[in-house]
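Trainee: I would like to learn how the words we use for a structure are justified. Could we go through one example slowly, setting each value against its cut-off?

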Amino acid sequence: MESPKRKRRIKTVKEIIESEDVEPDLKIIDGLCYVVPYCFTLRTYAKKRWFGQKILQVLSREFQAYPSSYYQESLASGRITVDDKVVAPDYLLKDHDYIAHRIHRHEPPVLAKPINVIAEDNEVLVVEKPASIPIHTTGKYRHNTLLKTLERKHSQKLYTCHRLDRLTSGIIVILKNPEKAKQYAALFRDQKVSKTYLALCIGEVPDGKFSCSEPILQVSHKLGINKVDHEQGKPAHTDFTRLHYDIETNRSLVLCEPRTGKMHQIRVHLAHCGFPIPNDPIYSRENWAKKSTEEFSKELTEALFRTDNVTHFIKEQANCESPVTAESNEKPTRNDSRALDYKTVLPENDEKSTDPSKQSPSSLGSQNAEIDKNISDNMLQPEQTTITQNEQTKISGDGLKTASHISITPEGDFVLDGVVHKRIPQLSYEAGCPECQWTRLVPRREDMFIFLHAVRYELDGNVYVSQLPDWCPKEWIPSKYHKHLKLDS
């Protein structure tokens, strides 16, 4: 039984959270939806493994989104408190300690696309989720989520019963009461839902049908990374049907029918079969299937934990002056901010990633694999200030990329290998917020989705079908599937 002391605190926390859950200030800029940064307090009770340790050491080790110097200053200023009191950096944590961290929250932008309603009644709301937007509050996302957006529109509490990766588009079933949500969640859990996806993958997939029954292991619970593993993996099965092969691009359109519900199952199975989704930020990596689970986990974690703070990264790699003037002399170094995983800045988020990004120390989904690039409209014309022309330099804005030439335009935009990348605009500022001092690049549209779309769900006696995604021409769908996908209506 919980102590009265803990119960009383939980009630207080709930009241505070509700008071902070105000209407967000949204800005649509160049086709992207931004949430104006806002103040928010993250809260957690001290974990058992923290007992007897200095709070500064715990914060610096467990929550590496910020450097140790930030936590030290925040403890002194009262942005971080224990039981609503200012404590010294050498304060020893103990049981029942309640830690609060007031932050200036910066949410990543999402594509400003409409959320199409497929069906709705008194209990069920079925919508087509655009790519780039997570389903619910997770990691760095709070207001820029599907559920929050729909709740603002419908002015009521809504519930989910299944998941869809942030970079994946397609059908999401939303419920209007918790009892129906539990009922539908059981249908998904017991594999009583028929699911059909469309995927565009690299290579010429064998004509007709084929299947993959390779077991899948979750390599990283925190990052939501999975891999085929015959020793420790859990059973998984996906049926595939080739619908079209485009010889010019060497890509195949595939109908995917997962019979089990493992995270990233379709993406993992396609990659293992040698036909990865080309813009998949995780599973399209070279020689992915040939690497051991340990090798793959280590390599990907190291790559994704690069800082996405372009200013500081370039300064270290190129040994040049940062073009951005910060308000504070205390700047996080690359090593200090190597894991810009905002979901780990109090409290810990034990939820699984639905995007690769929840993924992502900054967002796994925002890490870019090598995919087709059309840069003709963005080729640099104005005069540039060259930063480096040395050996190839790994940099990360909102996408993992290898750049051999980095420069800055007179307007202050970054130019990577001749392609202009604008900075995310500063929509608000708060003194002491390290994120207000960092420079981030506006994500490229091709980094904000993958070629995977949930096109048809059948459950509880109902069939829901979405529109085809933009990257799938109707002409590529054989006529015998038109009725199945409601293309004749």
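**From values to words**

Mentor: Let us begin with one pairing: strand 12 (residues 209-212) and strand 15 run antiparallel and are joined by 4 bridges. Please keep in mind throughout that this is a predicted model.

Trainee: What makes strand 12 and strand 15 a pair?

Mentor: Two strands pair if there are at least two bridges between them, and strand 12 and strand 15 have 4 bridges, so the condition is met. One of these bridges can be named, since Lys209 has Thr241 in strand 15 as its partner.

Trainee: Which strand is joined to strand 15 by 8 bridges?

Mentor: That is strand 16 (residues 251-258), which runs antiparallel to strand 15, and here Asp246 has Arg251 in strand 16 as its bridge partner. Strand 15 and strand 16 form a hairpin with 4 residues between them, and in the turn Asn250 has a positive phi of about 55°.

Trainee: Why is strand 15 called largely enclosed?

Mentor: A residue counts as buried when its relative accessible area is under 20%. In strand 15 (residues 238-246), 7 of the 9 residues are buried, so the strand is largely enclosed by the rest of the structure. Strand 5 is likewise described as mostly covered, with 7 of its 8 residues buried.

Trainee: Which strands belong to the open sheet with the order 3-5-4?

Mentor: As that order says, strand 3, strand 5 and strand 4 make up this open sheet of 3 strands, with antiparallel pairing.

Trainee: What makes strand 3 and strand 4 the edge strands?

Mentor: Strand 3 (38-45) and strand 4 (80-82) each pair on one side only. Neighbouring strands in this sheet are turned by 20° against each other on average, with direction ignored.

Trainee: How do you know that strand 5 pairs with strand 3, and with strand 4?

Mentor: The cut-off is again at least two bridges. Strand 3 and strand 5 (residues 98-105) have 8 bridges, while strand 4 and strand 5 have 3 bridges, so both count as pairs. Towards strand 3, Cys39 has His104 as its bridge partner and Thr41 stands opposite Arg102; towards strand 4, Ile80 stands opposite His101. Helix 3 (residues 68-77) lies across strand 4 and strand 5, running at about 110° to strand 5.

Trainee: Why are Cys161 and Cys472 called buried?

Mentor: Cys161 has 10% relative accessibility and Cys472 has 4%; the cut-off is under 20%, so both count as buried.

Trainee: How many disulfides does a search of the whole structure find?

Mentor: The search finds 0 disulfides. To count, a pair of cysteine sulfur atoms would have to lie within 2.5 Å.

Trainee: Which residues touch the most other members of the largest nonpolar core?

Mentor: Among its 61 residues, these are Val173, Leu198, Tyr457, Leu459 and Ile477. Leaving aside neighbours within four places in sequence, Val173 is in contact with residues including Val124, Tyr159, Cys161, Tyr457 and Leu459. A second, separate core of 23 residues includes Leu59, Tyr66, Ile103 and Trp438. In soluble globular proteins, nonpolar side chains tend to be buried together.

Trainee: What share of the chain counts as buried?

Mentor: Of its 489 residues, 56% count as buried, and the chain has 8 helices and 24 strands. The chain exposes about 22,400 Å², of which carbon and sulfur atoms supply 47%.

How values were computed: Residues numbered from 1 in each chain as written. Predicted model: local features only at pLDDT ≥ 70, side-chain atom pairs only at ≥ 80, totals over all residues. Heavy atoms only, no water. Helix = DSSP H or I, 4+ residues; strand = E, 2+ residues; numbered from the N terminus. Buried < 20%, exposed > 50% of the residue type's maximum accessible area, 1.4 Å probe, protein only. Areas by Shrake-Rupley, 256 points an atom, 1.4 Å probe, with all protein chains shown as cover. Core = buried A, V, L, I, M, F, W, Y, C linked by side-chain atoms within 4.5 Å. Contact = heavy atoms within 4.5 Å. Axes fitted to C-alpha atoms, helices over the stretch in contact; angles between N-to-C directions.
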